[in-house]
Amino acid sequence: MAQGGITRLEPTAERVTIVGIGASAGGIEALRQFFGAVPADLGLAYVVIVHLAPDHNSELAAILGRCTRMPVLEVNERALEIKPDHVYVIAPDRKLEISDTRIGAAPFDEPQGRRAPIDVFFRSLATSHGDGFAIILSGGGSDGAVGAKAVKEAGGLVLVQDPREAAHEGMPRAVIAAEIADLVLPVRDIATQLGALASHKQKLMPLLPRPESDAVVGEAEELILKRIFDLVRARTNHDFSRYKRATILRRLARRMQLNHQPSLEQYLGFLKEHAEEVESLFDDMLISVTSFFRDPDAWEALRVQAIAPLVERAQPNQPVRAWVPGCATGEEAYTLAILFREEISRRDLPVEVVIFGSDVDQSALATAREGIYPAAIAADVSEARLARYFRAEGDHFRISSEIRDSVVFAAHSVLRDPPFSKLHLISCRNLLIYLDRELQAQLLNVFRYGLREDGYLFIGISETADPELFDPLDKQHRLFRVRPRAGPAMRLPQLPAMPLMPPLAERSRERGMRLRRSPGEIHIETLETTAPPSALVDEHWIVEHLSESAGRFLQPRGGPPTQVITELVRPELADELRSALHRAFELRESCLSSFVPVRFNGAQKLVAVLVQPRPSEEGHQQRVLVLFLEAGEAEPREIERSETSDSIVLALRDKLRIAEQRLETMRQEHGMAYEDLRAANEELQSLNEEYRSTTEELETSKEELQSVNEDLQTVNNELKMKLEEVSRANNDLENFMGATDIPMLFLDRNLAIKRYTAPLRQIFNVKPLDHGRPIGDLTHNMVYADLEQDAARVLHDLAPIERQVKLRSGERLAVRIRPYRTAEDRIDGVVVTFVDGVQA
């Protein structure tokens, strides 16, 4: 049946929209306000998940029952049928899971400190009722942030209490920081908005395909969708036209519901008028649920059948390369890195791993690069892995530098940009399901191009690979191996979003243009041939680069090879160069030595050294340019003067040698002192690690105490409500006792007075101080001596007794004696009433 241009199967039974509500410390009062304000006839089912003390009975159902006209039921071991306008409340020490029509409770698998009941239920809600609502109220920690993201990805809405109003702002701020909150409002406004959103959702139902089917869109609606895609592509440079229509329609319905737009055409007009909504729609299109070790059995299969062989076959100096396209916030990429690191440690092999994580969502990549995740990941990551690969920071965990350094994140569109190549493994889980079949086939060709001949492909449980490109290695867990191919190397497939390669003639023309040298290039080449010979030297006097003509000024000495320039230059230049280098590095200014005769092939020529400091960059070492300046043939006078000064030079060289020896001794002493300081520094680092370990233990204790404190606050709120209820009941009883005209006497199991009404004083001589006295000690004005015996008989037989007696004044009374039963159906005495005989 076609409705509004969308063809889909009609559901066999009307599904109830679920509103999941998570709260913790301070959440009882927020829940009371919410249920006091939300209408009781919206047709929604509400599920309340609160952190409760596991060993204490909960009064939460009774408390909420006094705030709403809807039935409030606690979910225990027996699964309950989901009905509209009903409230379902979590039981202590239980987690809630939901199916299409029923909700049930189950014991926790995790110890108390690592439980996340709100995340567990929200994930179950996303799976079974993805178009529902997730509401986060007051509470400490970050429970609910991960599950709320799953609800949003499935097409649901996330509503968050304003942290400024919440008694504890931890949970609301965790969801807001994850950028998944659709609305942030005070509690009463959430209740008001919920009605409007639920009503608008009913109007959009024809637009929503069933989860198990795709949608077929009519021509008019397809034209509108194309115009929406054009708007998004023009603003974001990303094309969604080849995405599956079911995915597109669910994302559009979410945005239309939030903006109260009843049709695609009206939403298109809204997009044109509100540019910021285009960005919001783009963000919604990119929502993807990812978590650490999602589907643990599949990851274990990957470790055994792919990661272990890759580590075993790895060659030295050839890193194992993996790619995670569509990595979102990085959990899948880090999971892969952890598995590789564990396998490398297990085999004790020196293997380097590089994992590329790519996505088009810049905000998601920012989260991935930062590597900080909410504490709720403890539900997915084992305690040993948390301790080994994460560092606790408040209510979050930060990925360790060991894992972070092996992952490289990049903004990259798998549909538009050239792929990474020479890969050993590609992990692309739950991306293909969003694309149409033709685009899936093209993307698989891209993956095949990027993988080596012995590479692996790991995809989602609902996806499959082309059998012509990949051989199944594990069909159940969707692990494939590249099918070897004969013939020439595979060419890069052409994707619709890739820029077309220029024609051959145009490429040849571009190559010819590059071969023609520019005047600037000719200028630089001319300088190289005409400039003085030179050498680039670092601050340790090590030669980093030589010009082509500098070799004639070098004459290495015998012995071990060296790169120190003063040991490489001709002996006549060594002293002048040493002096010039000292001045240039100390004063940071150019220094020109004097010209000295240097013998070249029997001829003496005058040579000077110019040391020119290079402008240093911040964070980089200093360098100088050494220029060798030649001034022609040396005159005989210069040569004689040089020879007569040899003795002076030799003496100066001896002094210099002695100074250098002293300097070397001081350098060695400095090195020993440095080693001592480094050893001390290592000891301080070790001590710092011990302090850090102690701090982490204290943080763990703090978190446990915080959890216990939240449980106690919840219990305290329940007891407070119970005390108020008891106080009201006591006030009612006191007013009843004071207002009644019927003489009544309450006796305990020992037949002593517990309570009586004021009219009893007309029959018994009783005073306020007589509470606790046996009834036999009091006198009365009745002709009735068996009162005490009859009361004892009723207490023993539990059968009521009625007697007709006379007062000494002659009036008749009916005496009725009945057992006193408590709320637990326990006998705790007797009740005696005295009724006028005429009335009786």
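The legends below accompany an overview and several close-up views of a predicted model.

**Figure 1. The whole chain gives the setting for the close-ups.** The protein has 840 residues, and 44% of them count as buried. Its secondary structure consists of 23 helices and 34 strands. Among the contacts with a separation of 6 or more, 65% are between residues 24 or more positions apart. The accessible surface comes to about 44,300 Å², and carbon and sulfur atoms own 51% of that area.

**Figure 2. Confidence varies along the chain.** The average pLDDT of the protein is 81, with 85% of the residues scoring at least 70. Residues 1-13 have a pLDDT below 50, and beyond near neighbours in sequence this stretch makes 30 contacts in the model. Residues 497-516 also stay under 50, and here the model has 15 contacts beyond four places in sequence. Please keep these two stretches in mind when you browse the model.

**Figure 3. Phe34 sits in the largest nonpolar core.** This core has 68 residues, and Phe34, Phe35 and Tyr46 are those with the most contacts inside it. Leaving aside residues up to four places away in sequence, phenylalanine 34 touches Ile21, Tyr46, Ile135, Val187, Ile190, Ala191 and Leu194. A second core, separate from this one, has 45 residues, including Phe229, Val232, Val278 and Leu457. As a general backdrop, nonpolar side chains in soluble globular proteins tend to be buried together.

**Figure 4. A salt bridge joins helix α15 to helix α12.** Here the side chains of glutamate 402 and arginine 341 meet, with an N to O distance of 3.6 Å. Glutamate 402 belongs to helix α15 (residues 401-404) and arginine 341 to helix α12 (residues 331-347), so the pair, 61 residues apart, links distant parts of the chain. Glutamate 402 counts as partly exposed because its relative accessibility is 29%, which lies between the 20% and 50% limits.

**Figure 5. Glutamate 393 pairs with arginine 391.** The closest N and O atoms of this salt bridge are 3.1 Å apart. How accessible are glutamate 393 and arginine 391? Glutamate 393 is partly exposed at 28% relative accessibility, and arginine 391 is partly exposed at 32%.

**Figure 6. Strands β33 and β32 are linked by a salt bridge between arginine 816 and glutamate 802**. The closest N and O atoms of the two residues are 3.5 Å apart. Arginine 816 lies in strand β33 (residues 812-821) and glutamate 802 in strand β32 (residues 801-806), with their positions 14 residues apart in the numbering. Arginine 816 is partly exposed at 24% relative accessibility, while glutamate 802 is partly exposed with a relative accessible area of 45%.

**Figure 7. Shared partners turn salt bridges into a network.** Glu300, Arg303, Glu312, Glu343, Arg346 and Arg347 are joined into one network by salt bridges that share partners. Across the protein, the count comes to 37 salt bridges.

**Figure 8. Strands β24 and β25 form a hairpin**. Strand β24 (residues 534-538) pairs with strand β25 (residues 543-546) in the antiparallel sense, over 3 bridges. Valine 537 stands opposite valine 543, a residue of β25. Between the strands of this hairpin there are 4 residues, and tryptophan 541 takes a positive phi near 70°.

Methods
Residues numbered from 1 in each chain as written. Predicted model: local features only at pLDDT ≥ 70, side-chain atom pairs only at ≥ 80, totals over all residues. Heavy atoms only, no water. Salt bridge = Lys/Arg side-chain N within 4 Å of Asp/Glu carboxyl O. Helix = DSSP H or I, 4+ residues; strand = E, 2+ residues; numbered from the N terminus. Buried < 20%, exposed > 50% of the residue type's maximum accessible area, 1.4 Å probe, protein only. Core = buried A, V, L, I, M, F, W, Y, C linked by side-chain atoms within 4.5 Å. Contact = heavy atoms within 4.5 Å. pLDDT = per-residue confidence, 0-100. Areas by Shrake-Rupley, 256 points an atom, 1.4 Å probe, with all protein chains shown as cover. Pairing = 2+ DSSP bridges.
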